[in-house]
Amino acid sequence: MGFPGGEPPPPPLPTLIKLGRAITARHVDRLLAALLRRRRHRLVGALACQALANSLRPTPRTHLLAACALLDSSRPRDAARRLALAWPASSATRLWDALLRRACAEHGDLRHALELLSTSVDDHGAVPSPSTYRAMISEFCARGDMAGALKVFDTMTTRGCQVDDGVCSVIVSGFSKARKAEAGLKFYDRVRKDVSGFEPGLVTLTAVVNLLGRDERIGELAELIRGMERKGMMGDEVFYSSLVHVYMKSGLLMEGLREHHIMLEKGIAADVVNYTTVIDGMCREGSVEKVMGFLDEMERRGAKPNLITYTSLVGGFCKRNRLEDAFSIVRKLEQTGVVVDEYVYSILIDRLCKKGDLDKAFSLLGEMEGKGIKVGTVTYNSVINGLCKAGETTKAVEISEAVTGDNFTYSTLLHGYIMEEDTIGVMEIQDRLESSGIAVDVVTCNVLIKALFMINKVDDACSLFHRMRDMGLSPNIVTYHTSIDMLCKLGEFDMAIEFFDEYSRYTTFSSTVVHNGLIGALCNAGKVIIAEQIFCNLIHKKLRSDSCTYRKLIHANFKEGGEQGVLNFIGKVGELDMDLFSSVCSYACSFLSNRDCCQAALNVYKIIRTQLFAVPSKTFYKLLKSLLRNGNEHVIQPLLSEFIKIHGLHEPRAINMLSCHLSKKGVGEAIRFSSYMNNGSVPVSVLRGAVYALKKEGGILEAYNFLKEAQQSGFPVDLAMYSIVVEGLCRGGNLEKALDLCGSMKKEGVHPTIIIHNSVLSGLCQHGCFTEAFRLFDYLERSSILPTVITYAILIGALCREGFLDDAYHFFQKMSNNGIRPTTGVYNLLISGYCNYGLTEKALELLSHFEEPFLLPDAFTLGAVISGYCLKGDTEAALSFFNEYHCKEMVPDFVGFMSLVKGLYAKGRIEESRGILREMFQCKQVVELINIVGDE
């Protein structure tokens with residue numbers, strides 16, 4: 001029987017030795033190769049040395065096999081030294097290529113490959129072939145080791161090996177896959193500048209397009225395309241697919257569609273990938289309705305949509321909350337025999353969970369299991385996230401126990417328990433996370449730190465923060481902001497400042513979130529000086545402050561040191577850039593004007609003008625309104641002139657302010673000026689200002705006549721004007737005119753509000769017209785105008801003054817039954833009424849109800865009860881009541897103090913009377929009242 005090939009296989013080496021035949025190097029090579037395949041590395045080395053000792057001249061293959069054994073034993077330098085013994089030199093390149101390719105094999109250690117390359121080239125003068133360099137670079141890029149790939153590239157260029165488009169495209173694509181766009185673009189620029197004769201081909205340019213998209217350098221794409229056109233290069237379907245994907249991902253829908261049409265116009269046939277890229281981009285931007293036309297075009301051009309195409313379409317419908325359409329596509333796919341995968345179901349379940357339809361999400365999970373579709377972690381995470389957002393974290397935990405969780409799973413569960421403030425739940429999830437062996441990422445660390453702070457484990461949270469760098473994680477802005485914010489909420493401001501100092505020293509973030517959060521917390525805690533120091537640090541880093549931050553500081557300084565505190569703060573931040581300092585000063589001027597700190601506001605205004613900043617018309621307007629309210633006539637006129645000089649006479653605020661100023665001198669003059677400036681029409685704000693000015697000067701009847709004339713002249717009259725006049729008429733006893741005005745309102749189609757009804761109700765009660773007042777109240781109850789707490793307070797107060805205490809209490813109960821919570825003022829009306837008629841027991845019973853609506857008695861409440869006791873002659877009870885609340889650091893008003901002083905004095909208890917008097921003069925509110933009366 002013959003053998004294949006005509007020759008019998010050579011006998012193994014042991015058989016040859018037994019037969020006494022001659023042993024050749026080829027026999028040794030075959031044995032070494034067999035041993036190497038069986039990973040008997042030490043035996044390979046020993047046999048190779050033994051053969052050399054027996055004067056058996058080794059072949060180049062013998063040296064290669066021995067070197068491979070040394071390489072597999074993690075001895076790359078020894079391997080290089082062994083292979084350097086190979087002879088003849090003509091076979092050296094082939095041998096080095098084989099050894100280097102083995103070092104870069106699928107399961108090889110790339111560090112050994114680099115060491116072998118360095119030793120072979122530098123120490124032994126090896127010259128690997130370009131294909132070997134390319135293979136090494138491809139393997140390094142495939143494993144994401146871009147630093148190693150660059151070292152191989154540098155060795156390649158140093159040894160004079162030509163860089164072609166294939167090598168460059170592999171490295172650029174590697175950077176893209178490793179999500180290191182900036183480094184990849186730097187490499188591309190370096191190759192273009194340093195490597196002579198290099199011209200990027202279409203493959204490299206396609207990879208560069210992807211990098212530009214990842215680095216969001218969309219503007220450079222147009223320059224790249226123009227460069228291709230100058231060289232006469234034409235893109236293929238892969239290039240245009242990448243280009244369209246970058247535009248679509250960046251939200252430039254029209255640019256992406258334009259490039260797609262350019263591709264078709266150039267005669268490049270679009271395949272299913274091109275169309276799917278366009279459809280996916282349109283669905284991401286919410287233009288799912290326009291996608292149907294592309295589907296028809298795909299069918300016409302023979303590019304049949306695949307599952308990925310329909311998955312994008314399902315995602316687009318889900319994004320627009322068109323779940324019925326999304327389900328319709330899925331059912332249609334199933335009918336055509338297309339197997340829907342887990343990703344499609346994951347999209348549907350995620351949208352259902354976000355919508356809150358958890359029942360249908362669980363139904364889909366059951367459907368997946370019934371069809372044998374494996375439910376992965378991503379799908380379960382969508383369900384867990386939906387349950388946590390719905391407040392069902394416990395149920396989410398039950399589901400997670402049957403799933404191999406990842407960072408998203410545990411961070412979602414922790415966040416759910418944080419929202420529910422469940423300390424035990426947080427601790428359980430923390431234990432599960434630690435025992436799972438998952439390498440946590442930055443997001444999970446941030447959530448865990450927040451959770452630990454929430455359960456008051458401050459030391460554990462700080463320890464985790466400091467261990468992040470040892471875990472290979474760098475704290476980001478969210479980490480610092482979360483830690484500092486939680487420390488401030490727990491009152492640990494010293495530790496928060498330490499964290500901030502570390503943030504300032506070791507980070508280069510250009511965000512102001514951490515600064516703003518800490519400044520806000522410090523201002524709320526009254527630590528204004530430290531907050532100002534943080535603000536100065538923000539300025540020193542040349543970061544743009546948020547307007548809320550400097551406003552917070554202005555408010556805090558005002559609370560701490562009044563108007564002088566605000567002026568001091570402005571003095572400290574003078575080194576701000578011009579625009580920001582102008583904004584700070586403008587807001588400070590407006591803020592002080594709103595609080596009628598006219599002199600301080602004027603000082604800030606002078607700073608603005610001294611620095612030659614532009615004064616906004618709003619700042620001018622508020623300052624002038626404040627001066628007008630406080631009667632600073634000597635300042636208004638020059639300031640108003642400057643306002644008009646800067647912003648012009650046709651600025652609406654200037655006209656309004658000038659009209660209000662003229663109305664002080666004469667309403668007719670103001671109206672004529674405003675009418676002239678507005679081409680015969682008068683703004684309602686001017687009319688309102690005129691009415692208010694007349695009322696304030698005591699001319700309510702003139703205001704009434706003015707309003708009637710304005711109505712007849714066709715000028716605009718609003719509810720605010722009616723409210724001003726009706727309220728003034730009722731206070732002045734002109735009820736008939738007030739009711740007449742209400743009637744004319746209804747004729748004009750203007751319906752009185754509850755404010756106007758309350759004014760009328762108050763006027764009726766003041767003049768004893770209770771029957772009419774109660775009829776008006778009954779009308780309000782029947783109409784759509786609901787009575788407010790003020791409505792009830794007016795009636796209760798009137799009934800108490802007239803001694804109808806039972807009726808007053810009836811209204812009080814009715815008010816509570818209608819869902820209107822009584823205020824301290826309403827309680828005071830009843831308590832005062834009871835005390836005035838000697839019913840202190842009922843007053844005290846009512847006082848005991850204060851705890852139910854979480855109200856506290858005020859000085860008037862205590863004064864009313866003390867006066868009631870003294871009125872009955874029960875001075876001892878009054879003194880006991882005073883002492884009870886004095887221990888709670890609460891004191892009565894002036895009337896209460898004086899009633900107790902008189903009562904004690906009348907009983908001959910002079911020293912006690914003097915003691916109460918001394919206490920009275922220690923009360924700030926009473927002293928201020930006495931001073932005001934004294935000044936008047």
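Which residues gather in a patch of positive charge on the surface? I put this to the model first, keeping in mind that the model is predicted.

**Entry 1. Positive patch**

I found that R26, R30, R37, R38, R40 and R61 make up the patch of positive charge on the surface. I then looked up which element gives the most to the positive patch. Helix α2, residues 25–37, does so with 3 residues. R38 I placed in the loop between α2 and α3 (41–53). I noted R38 as exposed because its relative accessibility is 66%, and the cut-off for exposed is over 50%.

**Entry 2. Positive phi outside glycine**

I looked for residues that are not glycine but have a positive phi, and noted N321 at about 60°. N321 sits in the loop between α18 (307–319) and α19 (323–335). I also noted N456, which is not a glycine and has a positive phi of about 70°. The place of N456 is the loop between α26 (442–454) and α27 (458–467). Is N456 buried or exposed? I entered N456 as exposed, since its relative accessibility is 53%.

**Entry 3. Aromatic pairs**

How many aromatic pairs does a search of the whole structure find? The search gave me 18 aromatic pairs. I looked up F239 and Y240 among them: the ring centres are 5.6 Å apart and the planes stand at 85°, so I wrote the pair down as edge-to-face. The cut-off behind that label is planes over 60 degrees apart. F239 has 2% relative accessibility and therefore counts as buried. Y240 has 4% and therefore counts as buried.

I next took F558 and F591, whose ring centres are 5.2 Å apart with the planes at 85°, so this pair is edge-to-face. F558 belongs to helix α32 (residues 547–572) and F591 to helix α33 (residues 578–594), so the pair ties together parts that are 33 residues apart in sequence. I checked the cover on each ring's residue. F558 is partly exposed because its relative accessibility is 23%. F591 is buried because its relative accessibility is 5%.

I also recorded one aromatic cluster, formed by F465, Y480, F499, F500 and Y503.

**Entry 4. Salt bridges**

How many salt bridges does a search of the whole structure find? I got 25 salt bridges from the search and looked up several.

R258 and E259 meet through their side chains in a salt bridge, at 3.4 Å from N to O. I noted R258 as partly exposed, because its relative accessibility is 42%. E259 counts as buried, because its relative accessibility is 5%.

D350 and K354 meet through their side chains in a salt bridge, at 3.3 Å from N to O. Where do D350 and K354 lie? I found both in helix α20 (residues 342–355), 4 residues apart, which is about one turn of the helix. D350 has 21% relative accessibility and so counts as partly exposed. K354 has a relative accessible area of 48% and so is partly exposed.

I then looked up E841, which forms a salt bridge with K872; their closest N and O atoms are 3.2 Å apart. E841 lies in helix α48 (residues 840–847) and K872 in the loop between α49 (859–871) and α50 (875–886), so the pair ties together parts that are 31 residues apart in sequence. E841 counts as exposed because its relative accessibility is 52%. K872 counts as partly exposed because its relative accessibility is 43%.

I closed this entry with a network: R331, E334, E367 and K371 are joined into one by salt bridges that share partners.

**Entry 5. Nonpolar patch**

Which residues form a nonpolar patch on the surface? I listed F894, V895, F921, L929 and I930, which together have about 420 Å² of accessible area. I checked the helices behind the nonpolar patch: α51 (894–906) and α53 (924–935) each supply at least two of its residues. F894 I placed in helix α51. I noted F894 as partly exposed, because its relative accessibility is 30%.

How values were computed:
Residues are numbered from 1 along each chain as its sequence is written. This is a predicted model: local features need pLDDT of at least 70, side-chain atom pairs count only at pLDDT 80 or more; totals for chains, interfaces and linings use all residues. Side-chain values use heavy atoms; hydrogens and water are left out. Patches are made of residues with over 30% relative accessible area and no salt bridge: like charges are joined within 9 Å, nonpolar side chains (Val, Leu, Ile, Met, Phe, Trp, Tyr) within 5 Å. Accessible areas come from the Shrake-Rupley method with a 1.4 Å probe; for residues, only the protein chains shown count as cover. A salt bridge is a side-chain nitrogen of Lys or Arg within 4 Å of a carboxyl oxygen of Asp or Glu. Lys and Arg count as positive and Asp and Glu as negative; His and the chain ends are not counted. The place of a charge is taken as NZ of Lys, CZ of Arg, CG of Asp or CD of Glu. Buried means under 20% relative accessible area, exposed over 50%, partly exposed in between (1.4 Å probe, protein chains only). Rings of Phe, Tyr and Trp (its six-membered ring) pair if their centres lie within 6.5 Å; planes under 30 degrees apart count as stacked, over 60 as edge-to-face and the rest as tilted.
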